[in-house]
Each structure stands twice: as structure tokens, then as C-alpha cells.
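Biologist: I'd like a close look at one part of this model, the backbone. Could you walk me through the spots with unusual backbone geometry?

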Amino acid sequence: MRELLRAYFSRRTLVSIYNLFFTLSRKLLTSFPLSLLMPKSNDDDVAESEAVPLLDLVKPSLPISCPIKALQDLKSRSYFDSFHFQFNRSTVPLRRDSDCLPNRPRVLVCHDMKGGYVDDKWVQGCENEAGFAIWHWYLMDIFVYFSHSLVTIPPPCWTNTAHRHGVKVLGTFITEWDEGKATCKEMLATKESAQMYAERLAELATALGFDGWLINIENDIDEEQIPNMKEFVSHLKKVLHLSTPGALVIWYDSVTVRGNLQWQDQLTELNKPFFDLCDGIFMNYTWKESYPNLSAEVAGDRKFDVYMGIDVFGRGSFGCGQWTVNAALDLLKRNNVSAAIFAPGWVYETAQPPNFHTAQNKWWSLVEKSWGIVQTYPQVLPFYSDFNQGFGYHVSLEGRQLSEAPWYNISCQSLQPLLEFNEDNKDIIQVTVDAREASFNGGGNIVFRGKLKGDAYFTTRLFKPHLQLSSSPITISYSVKSDETSNLGILLSFSSPSLETKSILVAPEDPIRRFDDMSLQCLTTSVQTVSEWTVHEASLVMDGHTLTEISAFCYRPENSTKSAEFVALLGHISVKDHVQNQQNPEILLPASSWVIEAHNVELVPGNSSSNILRVKLEWRQKDLEESAFTRYNVYAENVKSTDLRPRKVLEKPKSETVLLGIAHVPAYYVAELVVESDVKAVRFMVQACAEDASLGKLDEALNLLVELEGLSVNHD
């Protein structure tokens, strides 16, 4: 029922239905049990995502992200006492050039997928490789995580990957219905209380590492409290800007300056006072064709801070959203205002054919064609990507498969390629990210598959960088898995200080006789790995030039007569300067420079011959308050010998070492580690991973031995 309402009714209609239902239900409440008045959902996923976690958030448990549902919990700061707090911090800083929003029309994307907090609530990841993800970050400036709870805190996976791509992330503060009116009445009782709650929200954003708030007041407010609502908004902006430069407070077009819940759909004198106090306004999505231009005129030199809403489900939205979303985007672009795309999870929730991955790429291609690319990256070195989209069917390390288990963890998403979607021309190479194929690192890759005859070649863009280079040599490396008839090179495009363009083809063999009219040649040194991946590497000096595009270059070897399908897998690509190409010294820090501790150690019964170990691991570098790393591989190794002395290098077969997961904060909770009755101890190893994917040797990694003998088994 809820999904049918969502698909066919506008927000105003829902408000009217709700008010009628609420009036009738209050009259019937004395005659019927409350359970009969509550709607039932046939969607198990929706029901699960909206359920309040049935656990004590102070006690150790598998880390989750969850909202704050009560004003009292916001006031008391109880969130900071939660066991889950430290796991919910984003550790990836916003890209340095992204502090200030660009002076142009922008794209805001508001996430509203099945009510929020679905697979993404599991901070350390889960096993649903079919979970929802977004990888088109180059088409947006701001990402809002939305739900219908009072305080919606973005799960750190979204903040980590958005920041990596230069996109700001906002949480949502929302009040709705009669409950929301009561909340506002309490929050705005005095100027001091309005300021206090603003400070609580600012504190949350700063402590957890995201970039601000969308304020959505969808209920009437007593008109005499409007001055305190203005104080709440202005104080929130002031405190946030002081604690987090570049932070944003965006107001949703809902309640007016007179206190009425009356969506304007454009910038008017009834909502402009709130717009004047914050960093932007998100307009309700039922606007008419003339409203963007009228709003731009009212906003004046702040017209780019007006974000006109577009509902992807199409509920009353101009252009009807869905596969015609570009109609609204084109109009907004012509009127020189910004866009706010609401609920792009429509593609996933409605199972658009032929599959989510293809439909997602097709839908976002409409956004690109209408609006263009708004993010260029990389902009600093080192640059590394293994094309990981945050989910997969295996985990690999330098071509060796560490795990065959499916997984989902958006925090693991690396910088995403800007692949062009093309479903019409079947006579060219098809380029896709396919997590089922073999991977060099993580679980991602790019597959190039199709027809390529004779001397023909095929190029396609991968990245749109803006990298200004110095006199220091740069090193380009990439990994390929293919047969001897399918070659893959990397084409680099540069502009000089005088704006002349130049292309250099980095490739393992010399195709220059065929392509000398197109580019210079840079041959690679190539190393074959045991896993049939070949790593190619080349160095060059481009002093004063700017790297503007990185493309893939598919070609056949010279004199090749094979007409079979061209197939090549690209496993990773990296660009470093000469200094960064030396092994990262931080990775080589000895284990003695770290401190690692085990907390909340618990042994509980498993089956007849095993127990389950639960333990929280925490580590830090002795001389640093904050870790220099944003990613750690966590392993476990069973110790069955009674000799528990420190392990020697190669003392144990590597097959006994199991990858438990990936941590993005210097802590990891081991929730369900099965240990057989003959296991005397478990050795945990933590392997720091640098920004350029450099790893220390596992045998020299930080490690901790947790002895099981002497631990009592908790039967509670």
C-alpha cells in the first residue's frame, strides 16, 4: 500500500490523506487496538530498513549506522556514548579543491532508497553483493542522505566514497506531521534552546566527518516561534562554518515564514527569508515550467544556490522523472539554476530492465547528456583506481584471490572511471565494469569485449583529470589480463602552458607505425604475475604540462590475423611522481611503532565442537593522534600449538591466514569468529593500506595474539 501511494500520489495529496486518516483514527482509537490501525507493508526490505534496531546501542555488537529518532537523544548527546560511534566516523577527507562550491549550476542528489539504512547500515560491510550503490559521482556536487527519522546521519560508507570523488555529503534533520509540530514547539521554545539544538547538529557533522545538513520542516509552526526557527538556521550555519569550512546548511521548501506548511515550488517572499539565512534552498519538486526562471530572478547573484527538485519517481515532477528526467534537467540548465535530483534509487527499487548495473548506467547517461560532467579527477598525485564499485563476488590482492565470498561495502569504492554508456552500437568494443570477472586488487575491473579487426583500434575515456605536472618524472602502471591477440594500452592527453595538446600512448609493444599520426609512443616494462595478470609500467617527464584525459587504447598485435573476439581486462591504473613511486615509508613502520589492543573479548557457545569469539580490536600509531591511513586489511590466524611465542616469518602456512574484512577506522569488531575446540589462540593481523594501494608485508604487519585458554564461555 505504501509503495502504491508513493508511486501515484503527490506530496500534497498524501498530506490530505494523512490528516483525514489521523482525524478518523483518533476517533476510532477507543474502539480498536492500535495494531489494527497501523499500515502493513508487503515489502520485507522496506519493513527491515525502517525497523528500529532491537539492540542496546551501548553494548558491543556488529557496528551499524542508525538515525537519532528522539529530540531528547539529540539533546543528551547519547549518540557519543554508543558502541557504534567510533565506527561511524568518515576518515576520508573531502578533496582539497572541493571546500567551496563552484560558481555554476550544480547538481544535488538526494538519496531516498527504501527508507534508508538498508545494506549500507552495516559499517563493516555485509554479504549482499546485490545491494544498492552509486558510482556516477562525477555527475554531482552534493549528496544528501535522507530518511524520515528526526536526525538522519549518513552511513560513513557514503561519506568516504563521496569525499574521495570531491562530493559534499549532508545529513537530514526532518520534522513531520503532528509529532513534528510538537518537536518544533519544544526545540524552538526559546532562542537558547534553538541555538543548543543547532550546536548539537553541528557537533555531529564535525565529529563524524560529513559536511552539513538539509533542514526539512514538514509541519506547521506557531508563528510566534518563527524568529527562533530563523535563529536555529542562522546559528547552525554559523557554528558549522566555523567548525567545518565549506560546510552547508540547505533549507527545504516546505514551511513558510508565516509558519504554514505550504510548499511554494519556487523562491518567493514566503520562503526567501530562510534562503537568505543559509547556503541554499531545495525546492519542492512540483514546480511549473516558468518557476526556475522566476526563482533565478528572485535569487539574483545567488541563483546557483537554488536547487529545483526533480523526483525520479515522477510524482508530479516536471517532465515526469524516470526515463524522461532529462526534460527537467534541460530546462533547469537553460535557466541557469541548480538541480536537486530526489530518489535516484528508483532504478533499483523498481527493478528496471535488463539488470540494475546496465539500467543504472543508462539512467545516469541521461544526466550526463543533459548536464555534462561536473567533477574532474584526479587532481593530485598519487592517483590509483582498481575500479572497485563497492560490492563484488571475490576479493583479490595483486591477482591472487583471497576470498570467494560475496560482499558489499561502499567505503571500498575506489575512484570511478567516467565510462560512456553506449547500447546502440554493437559493432564496437563494449566497455563495462563487471565484478564477476577476475580482479587484480579488490573486486573490480574493466572488461573490454567485442569486435576489432586488423589494424583497427578503439579508444574510450577512463578519467578526466586536471593534474599539473612538474619536472619530476611520473610513473604510470596498469595491469592487464588478456590473450596474446588482445592488447591494451593507456592513452594520456596533455595540454601545454601555451594550450597546445599532446597525446602519449603507453603500451607494451610498438604500434607506432600504425598510429604515429595520433600520438607519441612510450614503451612499458612488463612483468607477468603468477595469476596471469601482466603489470605494465612506464616513466616520462612532462614538465609544465597538464594531464587532461586518461583513456584506454585497444588494439591487435602487428601481423595478427586472428578475428576472434577481442577480450581484455584492466585491473588497475596508477600515476605517481618519482618520489611517490618509492615504496611508501609509512607502510614500512615497524609493528613496534604501533599499539594494538583487544577489548570486549567474549567467548560464546557455537556448535558441539566449537565456540564463537567476539572481540573489538583497536590500534594506533604511538606518535600520532590521528592515523595517517584510511584503510586496513584485517586478518585472523588460528593457533593450535600450546607454544604461543611470537610468530616467526613463514612459520605458518599462508593458507591458515583468513581475511576477515576491511576497516576504515583504526578499529574492527570481530562478531562471529568460529573457533574449533582445539584452537588455543587467535592471532589478528592489521595491514595498513596507503592511498596509492601500497601494502606492507603481512608477515611484518601489526599483530595481536588473543589467548582462548582461560576464557570462560558466556552462555547468556
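Modeller: Sure, and a quick definition comes first: helices (H or I, at least four residues) and strands (E, at least two) are DSSP runs, numbered from the N terminus. This is a predicted model, where local features need pLDDT of at least 70, side-chain atom pairs count only at pLDDT 80 or more, and totals for chains, interfaces and linings use all residues. Residues are numbered from 1 along each chain as its sequence is written, and side-chain values use heavy atoms, with hydrogens and water left out.

Now for the backbone itself. Most peptide bonds are trans, and most residues other than glycine have a negative phi. Let's start with the peptide bonds. Pro353 and Pro354 are joined by a cis one, with omega at about 0°. You'll find Pro354 in the loop between helix 13 (346-349) and helix 14 (356-371). Tyr377 and Pro378 are also linked by a cis peptide bond, with omega about 0°. Pro378 sits in the loop that runs between helix 14 and strand 10 (383-385).

On to phi. Trp177 isn't a glycine, yet its phi is positive, near 60°. This residue belongs to helix 7 (residues 177-187). Glu398 isn't a glycine either, and its phi is positive at about 50°. Look for Glu398 in the loop between strand 12 (395-397) and strand 13 (400-403).

Are these two buried or exposed? Buried means under 20% relative accessible area, exposed means over 50%, and partly exposed is in between (1.4 Å probe, protein chains only). Trp177 has 32% relative accessibility, so it counts as partly exposed. Glu398 counts as partly exposed because its relative accessibility is 45%.
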